[in-house]
Amino acid sequence: MRKYYLDDGNKILIDDSKPIGSGGEGSVYKLAKNPNILVKIYSDRALERMKVIEPKIKAMVSKKPGLLDYNGLTIIAWPSYVVYDENKRFVGYVMRRVQANNQLSHVITPGLQKAKFPSITWYDRLVIAINLAKVMHYLHQNDTVIGDLNTSDFFVYPGFEIGVVDTDSFQVLVNSTLYHCKVFTPDYTPPEVIEEKKRSSIEVKRTPNHDNYGLAILIFQILSMGVHPFSARIKGIPGFDGNAINYNMENEIFPYFTTMNNILPPKNALPFGFFPKHIQELFIRAFDKGAEHRPSADEWVTNLKMVKETAKKCKKNATHYYPAHFQKCPICAREQTKDYDYLVDYFKTISKKYVKYETNDKPIIVDENYVYEETISGKYYTMKGSKKLAFFFNPKMAEKYHFAERVEALIEDIHFKKLNTYISLPEHLIFDHHVVIGYTTQNIEHLTRLQQLLKNTHLGKMKITDRVKMIISRNIAEMFARLEKEKVTVELNQIFVDHDLNPFIPDFVFMSTHDGSLKAMAFQKDEYLPHEYYLALKYQKHLDDIEAEKQRLIEIEKKKIEEQRLKDLELIRSPFDKPLKPKTKPKVEEIKLEIQPVVQKIDFEFEKSNSIWVEKEDEEKIPPIPLEIKYDHLAPSSIRYHLGVIIHHILHDGHPYKGTYKLVTKPISFFVENNWYLHKETIAQAEIQDKTKLVELFPNYYQNTMRKSLTLSDPLKISRPSPREWARVLSRLIFESKQCTTSEFHYHHRSLSKCPVCSLGDHASHPSTRKFVLEYKKGIVHRMLFFNHAFNFFVISALMILLIYVINTAQVQNFNDILVLISFEEKLEIIKSFIGFDKIMEFLNQVYGKLSEWYEIIFGGGQS
């Protein structure tokens, strides 16, 4: 036994023979006379390390939360009294004992759960999750943040009540003083806290939103039979070290809701479709990248209670409980196999939940468990008894970008009805508690996001070849012809395509109204700003400078008037008045420093020149007046620039203005502002990015169209190719492209005699590509040679036919008969006389004679 003392001097005895728990901070002992009261005694080393622990414990004792026990069970092991040793030195505190024997990890870990809770049902797990959220909500209401969430600090009673221990690590606010939580468990701590701890040694102020992250992980583990929400199967990720949980948490990748095809939930995971839609949305909000408003503990209580109250009981196995949207027991299926990939598909077949929603027309019933199509701004679902679709906004984006207000304004714009071929138009608004959450629309084809399609090799059974990309580009050009008329434009990431390669824009809420009262939502704005935008900025700056200069001159004039006024007043001033002085700033006397020259004879003298050079003062350079350019993002020229950039993205695998200058990567705006066309080597040391497919691989008419689309020759007369022109150019390009004889994926223009991809590979350098084009592109010389070959073939063929005809029609015994028949000798004499054959031969004989004489002189020793 060992003696300790309380604040009031009362003595307590503890049984120090065997602590019930020990750690790095100290040990926990039972009170000798009451085993349900515990005393935590800190070690000397811990007290020396944690200077602030004494005032923190005293503050916690002074502010006890109300929920210390519940029906005789200790819920929160909060400090009740401060403990001192015989020297009145602080050593620890007294708390109630949490009587539960099983930690929360005994519920979460499958092996421990079978030993400690062998008959636990999924319904019991719901109860545990609700009770956990209730305790956390109560602590948050009392200005307390747990901070270090982990499965060891929560205990589960036999009735599934929750007890909390290690409360001295909590972050508490007492009398405006904040006592920090200085520890954390990585598997339950949000990435922003870990990142802040890496950057600074200053303690991070924890918030309930940080706790909500760990709470969502614990709830997911409880309801998913122990699987961590960030555990995953990861393939082919650079920098992945083998720990999927750490990698996904650090990069904020939720495997159940990600566009990355190489990150999948574990094989033994419970499919995400097991949870009702509203629970799925809570998890997505909790684990979304940069989440600022994670579901609170109270939200979890409300939503989990809804699942608990509607849960179904299996008819075959009384211990099986499951969410109400299933028609058959999913637990039975999971007991037969835990193969995630199989269960994902199977759960879809047995999950049929129809939900009723109010609209501004009449109520609709939506099948929420089958996502018909998913886009950037939300999801499409089928409706019961109708071929139409219900579109629901992404909750996070709807709140951030005010989708409800946008769709109400856009639905009134009649101009969009002319674009119903390409846009999913709302028919009726869907409400939830009088808030717009979506709309109904006509049925649409299944779509694929264009950016995703360009990364794939197939669209269904169709191979994504270069020719397919040309067809998509042509179809987009035809769509832009309609968009231009209605003054509407889109970005590449907003375009989807169906199985017939027709473009479609399903995210109606991103559009702008025709009158400009509602601006379009731009996610990649810098990539679609043309050269005239930067010219307009320069002109606006010029106007601002003029205005600033006017204000400066006005101020100078005001100063002169004031000085003149003072002079006039001085003239009429009475001699008895004090002299008027303008208000001036007090002068600071300047210290005069003089350096006396040192008189000393030094043998040193500068050399002098005969000519005298007079240094000219720099003439003041007057900057040129910028052109008066006005930029309108919905003008035809701006929309056509969008089209050019999109076509370039599709056919050249990159933005036309992503490149380097002097080996340094520059922003897109740098090249656009300078009006540099990076494909051609016209600007020294400027080069388009390496992965971009060069325009030289395409025919000249395409190159000219692309150049006119992206650059300006005359800013005052902007003339870019129209969508119709682009459609004609791309149709011709499709017709003139031919398939490679080696690979079915490769197409190239017929002006190239060889396939560039097969010859150079996928990642050929730009110099080698340009060299290939010079060597294998069919130019004027190639056409002349082709014509020569064709002409020779025709002449020889005609002569052969004539010869055969003569032989078959005339009596010819040998070759001499043919020569006689055609009067060969006579015709030969005519030709000789025509060309002067005798004179030519005489001249050649004379040349030969002269050469023979020189040879004799040089080599034969003769004299001239």
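# Questions on a predicted model

Guide: E252 lies in the loop between α8 (244-251) and β17 (263-264); helices (H or I, at least four residues) and strands (E, at least two) are DSSP runs numbered from the N terminus. The model is predicted, so local features need pLDDT of at least 70 and side-chain atom pairs count only at pLDDT 80 or more, while totals for chains, interfaces and linings use all residues. Residues are numbered from 1 along each chain as its sequence is written, and side-chain values use heavy atoms, with hydrogens and water left out.

Visitor: What makes the phi of E252 worth noting?

Guide: Most residues other than glycine have a negative phi. E252 is not a glycine, yet its phi is near 55°, a positive value. M225, also not a glycine, has a positive phi of about 60°, and M225 is found in the loop between α7 and β16 (233-234).

Visitor: Which cavity does E252 help to line?

Guide: E252 belongs to the lining of the second largest cavity, together with P191, Y213, F230, M249, F287, D288 and R294. About 30 Å³ of space lies in that cavity.

Visitor: What makes such a space a cavity, and what makes another a pocket?

Guide: On a 1 Å grid over the protein atoms alone, a cavity is a set of points where a 1.4 Å probe fits but cannot get out, whereas a pocket is an open set with protein on both sides within 12 Å along at least five of seven lines; lining residues have an atom within 4 Å of a point. The volume is the space filled by probe spheres set on the points, which are joined across faces, edges and corners. The search of the whole structure finds 2 cavities of 30 Å³ or more.

Visitor: What is the volume of the largest cavity, and which residues line it?

Guide: The largest cavity has a volume of about 40 Å³. G147, L149, Y188, T189, P190, V193, R206, H210, D211 and G214 line the largest cavity. Helix α7 (residues 208-223) gives the largest share of this lining, 3 residues.

Visitor: How do the residues of the two cavity linings divide by class?

Guide: Ala, Val, Leu, Ile, Met, Phe, Trp, Tyr, Cys and Pro count as nonpolar, Asp, Glu, Lys and Arg as charged, and the others, Gly among them, as polar. On that basis the lining of the largest cavity has 4 nonpolar, 4 polar and 2 charged residues. The lining of the second largest cavity has 5 nonpolar, no polar and 3 charged residues.

Visitor: What is known of the second largest pocket?

Guide: The second largest pocket has a volume of about 1000 Å³. Its lining comprises 39 residues, of which V28, K40, D153, D166 and D168 lie nearest the centre. β3 (21-22), β4 (26-31), β5 (37-42), α2 (53-62) and β9 (90-96) each supply at least two residues of that lining. By class, the lining has 15 nonpolar, 13 polar and 11 charged residues.

Visitor: Why are α16 and α21 called roughly antiparallel to each other?

Guide: Helix α16 (residues 466-485) and helix α21 (residues 723-736) pack at about 165°, with their axes 8 Å apart. Axes are lines fitted to C-alpha atoms, for helices over the stretch in contact, and angles run from 0 to 180 degrees between N-to-C directions. Angles under 35 degrees count as roughly parallel, over 145 as roughly antiparallel, 65 to 115 as roughly perpendicular and the rest as oblique. α16 and α21 are therefore roughly antiparallel.

Visitor: Why is the pair α18 and α20 called oblique instead?

Guide: The axes of helix α18 (residues 636-652) and helix α20 (residues 700-710) come within 8 Å and cross at roughly 130°. α18 and α20 are therefore oblique to each other.

Visitor: What is the handedness of these two crossings?

Guide: A crossing is left-handed if the near helix is turned anticlockwise from the far one by less than a right angle, and right-handed if clockwise. α16 passes α21 in a left-handed crossing, and α18 passes α20 in a left-handed crossing.

Visitor: How do you know that β31 and β33 pair?

Guide: Two strands pair if DSSP finds at least two bridges between them. 3 bridges join β31 (residues 659-661) to β33, and the strands run antiparallel. G659 stands opposite I688 in β33.

Visitor: What is the strand order of the open sheet that holds β31?

Guide: The 3 strands lie in the order β32-β31-β33, with antiparallel pairing. β32 (664-666) and β33 (686-688) stand at the edges with a single partner strand each, so one side of each lacks a neighbour in the sheet. The twist averages 35° from one strand to the next.
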